[in-house]
Amino acid sequence: MIQIFHFDNSYRNLPSALYSEQKPTPVNNPQLLMWNDELAQTLNLGNTPDTTTLANLFAGNTLPDDAQPIAQAYAGHQFGNFTILGDGRAILLGEHVNNGNHHDIVLKGAGRTPYSRHGDGRAALAPVLREYLVSEAMHALNIPTSRALAAVSTGEAVYREQAEKGAILTRVARSHLRVGTFEYAAAKGGSELVQTLLDYAIARHYPDCVQADNPTLAFLHCVGNAQAELVSEWMRVGFIHGVMNTDNCAISGDTLDYGPCAFMDNYDPATVFSYIDRHGRYAYANQPHIAQWNIARLAETLLPLINSDSKRAISHAEQAIHDMGDYYQDTWLNMMRRKLGLLNAQKDDEILINDLLALMNNQHADYTNTFADLTRIANSDHEITGDNDALRHWQQCWRTRLNDEPDQQASLAAMRHANPVIIPRNHQVARALEAAENGDLQPFHDLHHALATPYQDSPDKQPYSAPPQPHEQIKNTFCGT
């Protein structure tokens, strides 16, 4: 009897068109690799069972007493092309309820589902550990995200380009409702099914919308603003999602899916890591526009519910999407002000910000280290070293502007909270994953430990703050499917 969760399983009360009942497929020899004790305590999971019990639980070999596992159905625009999808290798065990809040508990890599198409429903060790590491790093960076509760090896091989070690990730999220879920509902059930899904999404994530004159339109605004805030946070730390398809766009405003994601080293707005993104659709600088495009697809599914008059519905939806763009621009500008310690807005701040970004781009400056260095010198007479006259001039302008701040300590505190000292650099992640595949988890643990306090500027962070040498650069990342 396993009773560490308190499941509600509310998603199963929705029409069955939105999911399929599906138990995980057992594996031969599960071994617990990672257990997130801090998250377990946050979720109030109570006493932790022994590692063998945990391994069998998070491999899907045994199920919690009140689990009612399902695979969710959804659609998605993948690189702009509409496709009917679904959980091809993820199984929702249930929704753990903690202090009235629901948290999806999902096994990723737990076997085939009705939506697997030609896939095996499994996951390889490296992508599982990658998502564990990066999602927890994002949480430590104070960015809304799904989280990782556990990782287990399966004792079985999965076959991609070659045989690889199999593993399963336990992902925790406020929900797995996506823009693609609404697209699926619209395609399969029309306005009636969309209305049912909308009522559920509002109750779960945006209950205040019920009081609005037009709850559907209020919901669209809320989701758009949540996405604008999320992408602004990605931009703050140089994160590139890599697959911003509508099936990876969470209604909650959390980062969902860590496939070919990566963090930018040298600042370049055109940076792309995903091997399959040949035309830069999801490049760093395009992320705000793609988020807006995704919300436009959500709006299309909601049009009949916004207003029965199609022209009025379209007008309201277009305004909501336009408002999202304006909201993002304001959010991004205030975020960049914080990175430079500018808490009291002035009209020329955007010029100062864009001048710095242009300099960084021209000089191939490291994004994270540049802002970390500015944080270090903000309260001193020092300058970032270098013989570039343009950079020296910019620093003089910045210092003059910084001196206008009435509370210098608050300004410095804002910089320290906005500018991490370390990020999960691609070459360091790859090094840790390679060691793990060879049976050595220590580099993974060391990197994971360092990334738990990314804003703490201390000597032990220095090995993880170094940009990659030319021979260490990794320019392509893969989704792991």
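This section describes helices, hairpins, aromatic pairs and buried residues in one structure. The model is predicted.

The nonpolar interior comes first. The largest nonpolar core has 98 residues. Those with the most contacts inside this core are Phe182, Phe219, Leu220, Leu374 and Trp398. Helix H5, residues 215-237, gives the most to the core, with 12 residues. The contacts of Trp398 can be listed in full, leaving aside residues up to four places away in sequence. Trp398 touches the leucines Leu340, Leu342, Leu352 and Leu374. Trp398 also touches Ile377, Ala378 and Met415.

Aromatic rings form a further set of contacts. The structure holds 17 aromatic pairs. One of them joins Phe5 and Phe58 in an edge-to-face arrangement. Their ring centres are 6.3 Å apart, and the angle between the planes is 80°. This pair links distant parts of the chain, with the two positions 53 residues apart in numbering. Phe5 lies in the segment before strand S1 (19-21), whereas Phe58 belongs to helix H2 (residues 51-59). Both Phe5 and Phe58 are buried. A second edge-to-face pair consists of Tyr267 and Tyr284. Here the centre-to-centre distance is 6.2 Å and the planes meet at 85°. Tyr267 and Tyr284 are 17 residues apart, and each lies in the loop between strand S12 and helix H6 (287-306). Both tyrosines, Tyr267 and Tyr284, are buried. Ring pairs also build a cluster from Phe5, Phe7, Trp35 and Phe58.

Arginines lie over ring faces at two sites described here. Arg178 lies over the face of Tyr74, at 4.0 Å from the ring centre. Arg297 lies over the face of Trp293, at 4.3 Å from the ring centre.

Two hairpins were examined. Strands S4 (residues 75-78) and S5 (residues 81-84) pair in the antiparallel sense over four bridges. Within this pairing, Gly76 of S4 stands opposite Thr83 of S5. Two residues separate S4 and S5 in the hairpin. Phe79, in the turn, has a positive phi of about 55°. The other hairpin is formed by S6 and S7, again with two residues between the strands. Its turn contains Asn99, which has a positive phi of about 55°. Strand S7 covers residues 101-108 and runs antiparallel to S6, joined by eight bridges. Ile91 has Leu107 in S7 as its bridge partner. Strand S6 spans residues 90-98. Eight of its nine residues are buried, so S6 is largely enclosed by the rest of the structure.

Helix H3 is likewise surrounded. Of its 16 residues, 14 are buried, so H3 is largely enclosed by the rest of the structure. H3 reaches 23 Å from its first C-alpha to its last. This is close to the 22 Å expected at 1.5 Å a residue. Asn142 follows H3 and has a positive phi, near 65°.

Helix H12 comprises 12 residues, 426-437. At 1.5 Å a residue, H12 should span 16 Å, and its end C-alpha atoms are 16 Å apart, which agrees. The buried residues of H12 are Asn426, His427, Gln428, Val429, Ala432, Leu433, Ala435 and Ala436. What covers them includes helix H3 (125-140) and strand S12 (262-263). Helices H13 (442-451) and H14 (462-465) are also included in this cover. Just after H12, Gly439 takes a positive phi of about 95°.

Two polar residues complete the account. Asn9 lies in the segment before S1. Its relative accessibility is 8%, so Asn9 counts as buried, the limit being under 20%. Asn9 touches Asp66, Gln68, Leu93, Gly94 and Glu95, not counting residues up to four places away in sequence. Asn9 and Asn248 are 239 residues apart in sequence, and their C-alpha atoms are 22 Å apart in space. Ser153 is found in strand S9, residues 147-159. At 17% relative accessibility, Ser153 also falls under the 20% limit and therefore counts as buried. Not counting residues up to four places away in sequence, Ser153 touches Asn29, Pro30, Gln31, Leu33, Gly166 and Ala167. The C-alpha atoms of Ser153 and Ala59 are separated by 8.0 Å, although these residues are 94 residues apart along the chain.

Terms used: Residues are numbered from 1 along each chain as its sequence is written. This is a predicted model: local features need pLDDT of at least 70, side-chain atom pairs count only at pLDDT 80 or more; totals for chains, interfaces and linings use all residues. Side-chain values use heavy atoms; hydrogens and water are left out. The expected span of a helix is 1.5 Å times one less than its number of residues. Buried means under 20% relative accessible area, exposed over 50%, partly exposed in between (1.4 Å probe, protein chains only). Contact means heavy atoms within 4.5 Å. Rings of Phe, Tyr and Trp (its six-membered ring) pair if their centres lie within 6.5 Å; planes under 30 degrees apart count as stacked, over 60 as edge-to-face and the rest as tilted. A charge sits over a ring if NZ of Lys or CZ of Arg is within 6 Å of the ring centre and within 35 degrees of the ring normal. A nonpolar core is a set of buried Ala, Val, Leu, Ile, Met, Phe, Trp, Tyr and Cys residues joined through side-chain atoms within 4.5 Å. Two strands pair if DSSP finds at least two bridges between them.
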